[in-house]
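Dear colleague,

I am handing over the structure below, and after it you will find an account of what turned up when I went through it. Please read the two side by side.

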Amino acid sequence: MHDGISEYDDKGHGEFPFPVPSYRFDQKNEMFKRRTWDPEIKPHGDRLYNTIKYQDKYGYRKLDYALRNASWNIEYGFGFGNMRSDIGLYSWSHIADKVKRFVETGGPVQNPARTNSHIVKKAARFLGADLVGICKVHPNLIYSHEYDLINMEHRPLELPDGCYHAIVMAVEMDYTATRYSPDSISGAATGLGYSRQAIVANLVATFIRGLGYKAVPSGNDTALSIPLAMAAGLGELGRMGLLVTEKYGPRVRLCKVFTDLPLAPDGFRPFGVKAFCEVCKKCAKNCPSRAITYGDPTMEGPSLSNFSGVLKWYINPEKCFLFWVKNWMDCNNCVRVCPFNKPQGKLHDSVRTIIRKMPLLDRPIVWIDDLLRYGRPVRRKNFWETP
Ligand code: SF4
Ligand code: SF4
């Protein structure tokens, strides 16, 4: 058991907006790293990642896999944010001298922190981020070690000096494609999110270097994206363990850029997710592996791969991963069924406002969501039949 802490260390200022475990998570224990070293998981990981099994059913044919694999190509070929830090589009250390040269030829841009925050957010949106926020970096949210899947190395991890802020960005995953979960079409929505976020993180980091400051772009490497995104005002943690944003629900992928650029952080902005999750439970009902709890938040997760020590809903990552293996494909069922997942529009935006302001109506909203059969999987062959 770990006690959650909410203070920054002496390099930060003020309090982190919610408790954070009192230790740093070792990325080696993350599920997608364990699939390379944990004898219990590795045979399953090898099966999922080293084999493609085309099947004679919609969503699992060669055509469907081709789309899924194309969507990932920027991440797998140029980004590598799922493999290690400081590589490909997420590189930063070998570019540091460019910042130095800029500083020698005029010095970094000097603006008040609020002006910098405005500028960076404007640039991030222009460069492809669908949501952007800024937070202070709690040191316990940086992995203690990273596990490098390219060189199979396990090494300690620290951010460069002065990088106490994170610009956290979300890119939307396609609503229609996600509705095909758990097949390749939905997998393509995930892959495209990863490919897009690698480009966005790279471009935003390059912009910050152009202002004369350090910039460390990061995908799933280096630090835990969800609590950083929460602290940056992007959303709340849902029962299914994902970030739930107000605009897109959990239908997003996350990246971030750490920097020493002076910035004014945003705050944590809850909008009713916790109260809604208490009555909804649609993700738990529709999880094929029973990885999502129906119960109350707890201080400890069931697995080595949980970042335990604060009161929250923990999923069982082993159960989730083993379903992916069985399915020969990743899964987005919990994203698909989440009532926050809806596209923009007057009706859905009004419901979001009601959830934020009138939690007493959460239960009827879930009931209506079920009645209207939102979140049901769509017929698989429709994807290729529609223009
Ligand atoms: S991805 Fe699928 S298996 Fe994993 S927790 Fe979500 S619904 Fe369950
Ligand atoms: S499906 Fe319901 S319970 Fe699950 S995260 Fe979304 S709102 Fe919360």
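A nonpolar patch of about 450 Å² lies on the surface, and the residues that make it are W367, I368, L371 and L372. Please keep in mind throughout that this is a predicted model. Of the patch residues, W367 belongs to helix 14, which covers residues 362-371, and with a relative accessible area of 57% W367 is exposed, because the cut-off for that word is over 50%.

Next comes the ligand. The residues that surround ligand 1 are C287, P288, S289, I292, C320, W324, C331, N333 and C334. Two elements, helix 11 (317-327) and helix 12 (333-337), each give two or more residues to this shell. As for its character, the shell around ligand 1 is made up of seven nonpolar residues and two polar ones, with no charged residue among them.

After helix 12 the chain runs into a loop that leads to helix 13, and K342 is found in this loop. Is K342 buried or exposed? Its relative accessibility is 6%, and K342 therefore counts as buried, the limit being under 20%. The side chain of K342 makes a polar contact, at 2.7 Å, with the side chain of D369.

Helix 13 itself spans residues 346-357 and holds D349, a residue that counts as partly exposed at 32% relative accessibility. The side chain of D349 is in polar contact with that of R352, at a distance of 2.7 Å. In sequence D349 and K247 are 102 residues apart, whereas in space their C-alpha atoms are 8.3 Å apart.

The remaining points concern charged pairs. Side chains of opposite charge can pair when their charged atoms come close. In this structure there are 19 salt bridges, and I describe some of them here.

One of them joins R34 to E318, with 2.8 Å between the closest N and O atoms. This pair links distant parts of the chain, since R34 sits in helix 1 (residues 31-37) and E318 in helix 11, 284 residues apart. Both partners, R34 and E318, are buried. Helix 11 has appeared already, as one of the elements that give two or more residues to the shell around ligand 1.

A further salt bridge is formed by R61 and D64, whose closest N and O atoms are 3.1 Å apart. Here the partners can be told apart by their exposure: R61 is partly exposed, with a relative accessible area of 22%, while D64 is buried, with a relative accessible area of 1%.

K121 and D266 also form a salt bridge, and their closest N and O atoms are 2.9 Å apart. K121 lies in helix 5 (residues 113-126), and D266 in the loop between strand 10 (252-259) and helix 9 (273-280), so this pair ties together parts that are 145 residues apart in sequence. K121 is buried, with a relative accessible area of 16%, and D266 counts as partly exposed at 27% relative accessibility.

Finally, there is a group that goes beyond a pair: R84, E146, D148, E153 and R155 are joined into one network by salt bridges that share partners.

With kind regards

Terms used. Residues are numbered from 1 along each chain as its sequence is written. Chains are lettered from A and ligands numbered from 1 in the order in which they are written. This is a predicted model: local features need pLDDT of at least 70, side-chain atom pairs count only at pLDDT 80 or more; totals for chains, interfaces and linings use all residues. Side-chain values use heavy atoms; hydrogens and water are left out. A residue is near a molecule or strand if one of its heavy atoms lies within 4 Å of it. Helices (H or I, at least four residues) and strands (E, at least two) are DSSP runs, numbered from the N terminus. Ala, Val, Leu, Ile, Met, Phe, Trp, Tyr, Cys and Pro count as nonpolar, Asp, Glu, Lys and Arg as charged, and the others, Gly among them, as polar. Patches are made of residues with over 30% relative accessible area and no salt bridge: like charges are joined within 9 Å, nonpolar side chains (Val, Leu, Ile, Met, Phe, Trp, Tyr) within 5 Å. Accessible areas come from the Shrake-Rupley method with a 1.4 Å probe; for residues, only the protein chains shown count as cover. A salt bridge is a side-chain nitrogen of Lys or Arg within 4 Å of a carboxyl oxygen of Asp or Glu. Buried means under 20% relative accessible area, exposed over 50%, partly exposed in between (1.4 Å probe, protein chains only). A polar contact is a pair of N or O atoms within 3.5 Å; within protein, one must be able to donate a hydrogen and the other to accept it, and residues adjacent in sequence count only if both atoms are side-chain atoms.
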